[in-house]
Each structure stands twice: as structure tokens, then as C-alpha cells.
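Dear colleague,

I am handing over the structure below, and my notes on what was found in it follow directly after it. Please read them beside the coordinates.

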Amino acid sequence: MQPQLIELNAARGAGRLSHVETRRDIPPFVTTQAFDWPGLRLEAGRNNIAGVDDFVGMHHYVSMNLDDRPLTLEVKEPTGFRRVVLRRGGAWVCPAGDLVSVRLNSTFNYVRMSIDPIYFDRLVTAEPGNYTIELQRTYGITKSQIGHIVGALIAEADAGNPGGLAFVDALATGLSHQLALHAGTHPPPVQRLRGGLSTAAKRRTLELMTEHLEGNLTVQLLADEVGLSPAHFARAFRETIGRAPHQYLLTLRLERARRLLDAPEAMLSEVAQRTGFADQAHFTRLFKREFGVTPGTVVRSRR
């Protein structure tokens with residue numbers, strides 16, 4: 001049984017200790033848990049969280065009420081707690097790094113997601129590195145396409161992800177743009193259409209990267225697979241994905257490694273080998289550069 005999403009991405013908040021209070025009458029059962037989707041986690045089920053104190057998420061957090069009954073949140077603000085009512089289909093967003101305390105006395109049906117900020121920025125930014133969409137905490141988002149996209153993600157996960165990573169990436173892109181539109185501090189810039197990979201080439205490339213993370217995937221091999229020259233492929237990939245192929249592949253490998261480290265008896269050398277790193281030292285160096293801690297620290301904290 002997987003821990004619930006709100007417990008997966010907790011960080012210490014401004015010198016305080018984050019605390020999650022669960023309801024004992026509702027087991028922490030999740031009906032939908034995302035597979036190895038890079039940068040996106042998804043779960044749906046019946047809520048068992050009674051409240052959180054001084055919670056800080058490392059990822060952007062999105063939650064939606066799927067119950068016919070209205071959901072009442074008590075959210076801590078500088079002047080005290082205030083009540084927020086979310087009707088069916090209403091969503092709220094909490095940005096990464098935002099300190100939040102919430103009380104909720106309900107066993108409502110929910111769906112919630114976390115989106116890695118780096119992944120989010122890549123999906124909504126026209127020129128990577130030049131513009132960042134900042135999100136603000138927002139409650140009661142209703143008139144949006146978020147519910148339709150979330151429903152498609154739930155259906156895709158429950159069906160075993162038959163559409164592959166490319167389909168999930170497309171849905172995540174639409175979701176991220178909706179979040180930027182309804183919870184962004186500024187509207188996202190208009191993206192210019194330029195030459196990139198075709199839909200089929202993008203799907204095939206991302207599937208190869210996902211299926212062969214432990215192998216020696218080269219630009220030449222990927223380019224040959226979609227019938228392009230290496231130079232043309234590299235340019236088109238960057239136009240489509242927002243990163244160079246080797247940078248994106250490294251991100252996939254590190255995300256996979258982070259999930260493998262959750263296993264009770266995870267061994268660093270085995271994780272490094274299964275995610276395509278040359279050796280344990282190489283893996284440790286890149287992991288710390290990406291996440292700020294060594295994989296050994298992650299393993300010890302799990303135990």
C-alpha cells in the first residue's frame with residue numbers, strides 16, 4: 001500500500017516540523033496511483049486526512065472535491081483560520097514551498113496531484129530559463145478545464161496507461177496551462193508555433209527513453225528511430241520538449257532512481273545500474289545536484 005500523496009512530498013517548514021493528522025476510521029487506500037510519470041503524481045480515493053500543520057510541499061499541489069457534498073476547509077491565515085467551501089468539481093492549488101495549515105472534517109471523495117516545479121515550468125514556458133510562471137494559493141477554481149483533464153488522467157492511470165508517456169505529457173501540459181491561467185500571478189506568455197517533432201516522433205522518442213533508461217541511449221539511436229539526422233533531431237527535440245535530449249533523459253533517470261529508493265531494501269549500486277548511471281559515485285553526484293541530498297541520505301531517512 002502506497003502512502004498518500006500529501007505525505008510523499010513534505011518538507012520542513014521554516015524551522016517548524018510538518019505534521020499530518022489522519023482519520024483512523026478511513027484506511028489510507030488509494031484507488032489511482034501514477035506509475036512512473038516524470039514530474040507528476042496522481043491519486044484518487046476517499047480522504048483520510050483530518051488536517052496538516054505547517055506543511056510545505058516540494059511540488060505544486062492540486063486537489064479537487066469529487067463528492068456531491070460541499071467540502072469545508074479551515075485554512076490558517078495571519079489573522080487566524082478562515083472557512084473555504086469547495087463544491088463538487090471545485091479545486092484548490094498550493095504552490096511548492098508555500099507554508100500551509102488546514103483542517104478538514106470530512107471523508108469526501110477526492111483527486112489530488114503533485115507537479116514538480118521544474119516539470120511545470122518546462123510545460124508552460126515558451127523560452128525555458130527566460131520566464132517562470134509563479135503560482136499563488138487559490139481556492140474554489142470551478143470554471144476551468146481542470147476537471148476534464150484530471151478525469152482523463154484518472155482514466156488513463158486506471159486503464160494501465162495504454163496511451164504511454166506521450167499522452168500523459170500532453171494531458172500534463174494542458175493541466176499546467178490551466179493552473180497557470182487560474183492560479184498564476186501573471187498570465188502565461190503566448191507561445192509561438194515553431195518546427196519540432198511530429199506527434200508520432202515525439203511519442204516514439206519518449207517511449208524509448210522511458211523503456212530503456214538503463215541502456216545507452218544516444219542521439220544517433222533516437223534520431224534513427226524517427227528517421228531524422230542527429231542534428232535535426234536534437235534541434236526538433238529541444239523545440240518540442242524544452243530541453244536537450246540528454247538533459248531530459250537525465251531527469252527521467254533521476255526521477256526513476258528517486259522512486260526506486262523508496263523500496264525497503266534499496267541498494268545504491270543496484271539503483272544506479274537500473275537507471276543507467278556509470279557507477280554509484282556518478283549517480284550520487286548527479287542525484288545530489290538535482291535534489292540537494294545524497295541518495296544515501298534518502299535511504300537512511302526511509303529506514
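In this predicted model, helix 3 and helix 4 (helices being DSSP runs of H or I of at least four residues, strands runs of E of at least two, both numbered from the N terminus) pack with their axes 9 Å apart and at an angle of about 155°, where the axes are lines fitted to C-alpha atoms over the stretch in contact and angles run from 0 to 180 degrees between N-to-C directions. The two helices are therefore roughly antiparallel to each other, a label used for angles over 145 degrees. The crossing of helix 3 past helix 4 is left-handed, meaning that the near helix is turned anticlockwise from the far one by less than a right angle. I146, I149, V150, A152, L153 and E156 of helix 3 make the contact (heavy atoms within 4.5 Å) with G164, F167, V168, L171, G174, L175, Q178 and L179 of helix 4.

As to conventions, residues are numbered from 1 along each chain as its sequence is written, and side-chain values use heavy atoms, with hydrogens and water left out. Because the model is predicted, local features need pLDDT of at least 70 and side-chain atom pairs count only at pLDDT 80 or more, whereas totals for chains, interfaces and linings use all residues.

The largest nonpolar core (buried Ala, Val, Leu, Ile, Met, Phe, Trp, Tyr and Cys residues joined through side-chain atoms within 4.5 Å) has 31 residues, of which L40, L42, M113, F120, L153, L175 and L179 touch the most other members. At least two residues each are supplied by several elements, including strand 4 (40-46), strand 11 (109-115), helix 2 (117-124) and helix 3 (146-158), while helix 4 gives the largest share, 7 residues. Beyond its neighbours within four places in sequence, L153 is in contact with W37, L40, L42, M113, V168, L171 and L175. A second, separate core of 18 residues includes A166, L197, L206 and F237.

H60, in strand 6, is buried at a relative accessible area of 8%, where buried means under 20%, exposed over 50% and partly exposed in between, with a 1.4 Å probe and protein chains only. The side chain of H60 reaches the backbone nitrogen of A96 at 3.0 Å.

R300, by contrast, lies in helix 11 (residues 295-302) and is exposed, with a relative accessible area of 60%. R300 and L261 are 39 residues apart in sequence, and their C-alpha atoms are 9.9 Å apart in space.

With kind regards

Technical notes: A polar contact is a pair of N or O atoms within 3.5 Å; within protein, one must be able to donate a hydrogen and the other to accept it, and residues adjacent in sequence count only if both atoms are side-chain atoms. Angles under 35 degrees count as roughly parallel, over 145 as roughly antiparallel, 65 to 115 as roughly perpendicular and the rest as oblique.
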